Amino acid sequence: EVCDSSSYDDMYATLVTKGKSPDLDDFRNALNLLQSLYICLGVTCNQVGVPLFAKDNPNSSISDCVDPPDKINLVGYTPTSDAMLQSALVDLDVRTIGTLIEMEAFQTAFDVYSMGRFTRDDDNDYGYVSVKDTAIDYTNVDNMIAQDFANQFGKNFVDDTITASIMGTDDYSDMSPRARRVIAEATMVLILLHQYAIDAMLTGIDYCNKGDQDTYWWDDAVASLIGWAEGTDAGGSTSNGYLFYNIAQYLCRVSGTCNIAGDSEVNRQMMVALTEGKNDLLALKCDSAETYMKDVEVLLDTILVDLVAYYAEQLDDDPSDENNVAHGYIVATSLIPIMEKVSQEAANSIQLNMGKLGVTPMVDGKNVVLLALKTYVSAQNINCDLLTRDICSASLQSDVGGDEIFPIIDSGNDSQESSAGLLSDQYIPTSNIDHILNLTDQLEAIESASDYSTAFDIYNSDDPGSLKSLSTDSLYTAGSFNTNPLYPIYMYALWQSANGDGIMDNKEFDDSPVGLFGHTIIMDEFDKKSGFNAQLTAETIRATNMWMAATNALYAGVHICSNSELADEPSYVNSIDKAAAFWIGTHKDPDSSEGGSLYAWSNRIDEKFAELSGSDFDANVKILEGLNAMQSEFADCLGSSNATEKEDMAYKMRVHADDVARYMTVPLVQSLIHSLAIAVDSPASIDEADRVILYALVALPQIRICDKNAYNGLYDMLVTNAKSAAGIDLSKALGMLQDRYVCLGITCEEVGLPDFIAEASRPTCVNPPENILIVGYNGTSDMLLDTALTDLDVRAIGTLVEMEANNAAMDIYKWGRYSKDDDISFGYSPIKDLTTDLYSNDQNFVSKDYITKYGDNFQDEIIINAIQGTGDFESVSPRSRRVATEAAIVTMVLHIYALDAMYTGIDYCNKGDQDTYWWDDAVASLVGWAEGTETGGWRRL
């Protein structure tokens, strides 16, 4: 647990919780995982040996045990010396010391600090290199950061601080063990190892100047900044890591600014500089190596500045939180000596508001701290684009701050003149969207291209706002990831598919980062063995990048309404205008199906389906209505200064965004059904099989939330085995898909009748009734379905938490997505309402017991903390936070609500009312939609 908490949790669940009835595959995975973590136990593969059952059985699936090499690769950095492994293990010493402090084993913690436990010196055959040795031993005279600290606080400040925080003396005598742990670990990471890394790089450069190509010291510095727990893969670990590298990863995750691979841009640039510096040392290019070292110093400063701003925000929200006070104190202390050389006034502001213990922090407020940091950032030429907090903004008095996720300023047309009306003036833009409209022209050019090279050159542009950039630009996709619930849901489904790796730290689909799924699917189409097909290539780009971009823009508008203030910039682009531009493009005639736009594509596929009796649904008509409604609501929201009004408007926009996105899903499903029918009739056609794969990849992912087994079955039929179309049972596939329309938020009438399929192979599509039968329970009211869909809200929230789309998860928690209230004609019945409404029935003693024990808001607070990774869940892995979120909703919220509803139903009965509304409501809350209609339930999830 000390060195890999998520792996510990996984093994505990398999070997302890499920130990009496283990799943064989889980058991094997646990053993393989255990072997990979022998280093945490201080043992080797040879010492443990090979399990006999694995040795004698080549099919045991137990991996060969391999000890990590001394030249271990860390987050993609390849060393040339033997220093890496032993130096990198310093993170385990740090973690062990902190754990022992929290457990009040203070002397044992001090023993590890002073004598060591994991880290060894490559030149030392016996014993360890302790953290204390590092704290008191800086040898390079050029290490100005170490000298600045010594001048400011004294030579022994680092050692004195760590010792006092471990033993609970001096300034830390009244601190809790947990807060003292924060002080000790933060001092070791932010000050001690920071200074040591600079010292080691300088020493490596000194040896280079003497003609020595050895990279021992440089590798030692890299190991001290990253640590063993980050692992070998580029980008590091999503659940472990304790040193400087992990701080930048954490900041980008909590702010939603990680690049598409899930990495901090600061870390990416730092790893480039560290790698190039090492290569220069090997080539004896000492001056160049020193330049890279200075680049690393600036990037480390960038992380420190960002971290100070982060804790300024935390303390501004709650100055009484002891752990945040401890964090803020050390973070500020780590920057103050460096900052003083630039601006004494700025350093004083930081020290007054964050750098003192025993006084109330943030006395001048967050904005003063941010202004002080801005002074330093400007003087040091720190790149504002690398910061996750709102330091460089000219409007620092705004409270929007670091919560801004989706950019409201585009890099498109700088003209303030609005674009002309779309679709014969059926949608009138209020901003300039010409740069998005041009994408339709590019799609049409690709569709008419005569060869691969011409089409690929059009797509492969790195210009901002290009077709390719819609799924590869890190700023665009980072914002989409945390505002559009569909984006991370698609990522999750594809990551968990047969073509995904399912590995938490990797998150890959088709051997590429899953966040790039649109680009990955497009490149597979370009590079397929059967050769270039211009029409199918354009269709692929339209159904992946353009479709998702349209939904991204919808939800961006909701986010801006709820969280942001509109900046007066010449290149501002209204998000709803953007959604309209992506969907309508340059299309002119509402009734035409010609052209490369999403609108024309939707018309084309809709023409192939007959209307079901009594239905006149037209996806494009409904989408256009929704876009115009959202545009009006967006304008009202931006024009309001009342926070409550803005939140109400954001909610209305969110409901409309969900509806429009569902209408946009209809042509995806229609295209899948049509392409599947053609492929079954023409099994020899490779292009038709590829078209089935395309539409399966873009239509099925939402089903993964509500029915894992159906998703996997359909994926197997329509993606994995699509090239064997003759073997596909069309009736079965269509029936499975139709039965899950509720997962997509669509109906049989909206999709229409696929009368191009023979009636014998066309199962009748039936929407689930409002008084749906649930596991054999036959309700008498019309609310069963709407309430039962609460389980899909729970599942969606949990999925988004695991994918680290915390803001998107919070939106569903507070606003809802699937479950509706029978008494509400518009919108949802969100789970948050169930936690914050005081339960009305006096007989509900379970509810009263919870309130007596934990307080009125306990359920709401625990769920919010679990979703956002705050409070007790600050250091908990996303997967574990998902477990906590889902468990809290199911075992507490819905448990208490069901009892309340039943008591209310009995009260009505005592008044002579035979209505079973409340009783049915309770049943639906306990069972859910996913269990199905059959007695005994299903295992959908």
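**Figure 1. Secondary structure and overall dimensions of the predicted model.** The protein contains 44 helices and two strands. The model shown here, as in every view below, is predicted. Its C-alpha trace spans about 85 × 75 × 70 Å along the principal axes. The radius of gyration is 29 Å, which agrees with the value near 30 Å for a compact globule of 941 residues. Of these 941 residues, 56% count as buried. Among contacts between residues at least 6 apart in sequence, 69% join residues at least 24 apart.

**Figure 2. Surface and charged side chains of the protein.** The accessible surface comes to about 38,100 Å². Carbon and sulfur atoms account for 47% of this surface. The charged side chains number 58 positive and 146 negative. The centres of the two sets lie 4 Å apart.

**Figure 3. Disulfide between C45 and C65.** The sulfur atoms of C45 and C65 are 2.0 Å apart, and the pair forms a disulfide. The torsion about the S-S bond of C45 and C65 is about -70 degrees, so the link is left-handed. C45 belongs to helix α4 (residues 45-48), while C65 sits in the loop between α5 (52-55) and α6 (84-88), so the disulfide ties together parts 20 residues apart in sequence. C45 is buried, at a relative accessible area of 9%. C65, at 25%, is partly exposed. Counted by sulfur pairs within 2.5 Å, the disulfides of the model come to seven, and three of them are treated in Figures 3 to 5.

**Figure 4. Disulfide between C706 and C743.** The S to S distance in the disulfide of C706 and C743 is 1.8 Å. The torsion about this S-S bond is 105 degrees, and the link of C706 and C743 is right-handed. Helix α32 (residues 703-706) holds C706 and helix α35 (residues 741-744) holds C743, so the disulfide connects two helices whose cysteines are 37 residues apart in sequence. Both cysteines, C706 and C743, are buried.

**Figure 5. Disulfide between C748 and C765.** C748 and C765 are joined as a disulfide, with 2.0 Å between their sulfur atoms. The link of C748 and C765 is left-handed, with -75 degrees about the S-S bond. C748 is in helix α36 (residues 748-751) and C765 in the loop between α36 and α37 (784-788). The two cysteines are 17 residues apart, and the pair links distant parts of the chain. C748 is buried, with a relative accessible area of 2%. C765 is partly exposed, with a relative accessible area of 22%. A further residue, C909, is exposed at 51% relative accessible area.

**Figure 6. Helix α28 and its packing partners.** Helix α28 covers residues 598-606, and seven of its nine residues are buried, so the helix is largely enclosed by the rest of the structure. The buried positions of α28 are L598, Y599, A600, W601, S602, N603 and I605. These buried residues pack against α26 (534-563), α27 (575-584), α29 (619-638), α30 and α31 (686-699).

**Figure 7. Surroundings of T665 in helix α30.** T665 is part of helix α30, which runs over residues 643-681. Helix α30 is also one of the elements against which the buried residues of α28 pack. T665 has a relative accessibility of 1% and counts as buried. Leaving aside residues up to four places away in sequence, T665 touches W547, Q702 and L744. Of these, W547 falls within the range of α26 (534-563), and L744 within that of helix α35 (residues 741-744).

**Figure 8. N383 in the loop between α19 and α20.** N383 lies in the loop that connects α19 (366-379) with α20 (434-447). The relative accessibility of N383 is 37%, and the residue counts as partly exposed. The C-alpha atoms of N383 and D811 are 31 Å apart in space. In sequence, N383 and D811 are separated by 428 residues.

Technical notes
Residues numbered from 1 in each chain as written. Predicted model: local features only at pLDDT ≥ 70, side-chain atom pairs only at ≥ 80, totals over all residues. Heavy atoms only, no water. Helix = DSSP H or I, 4+ residues; strand = E, 2+ residues; numbered from the N terminus. Buried < 20%, exposed > 50% of the residue type's maximum accessible area, 1.4 Å probe, protein only. Rg over C-alpha atoms; globule rule 2.2 N^0.38 Å. Contact = heavy atoms within 4.5 Å. Areas by Shrake-Rupley, 256 points an atom, 1.4 Å probe, with all protein chains shown as cover. Lys, Arg positive; Asp, Glu negative; His and termini not counted. Charge placed at Lys NZ, Arg CZ, Asp CG, Glu CD.
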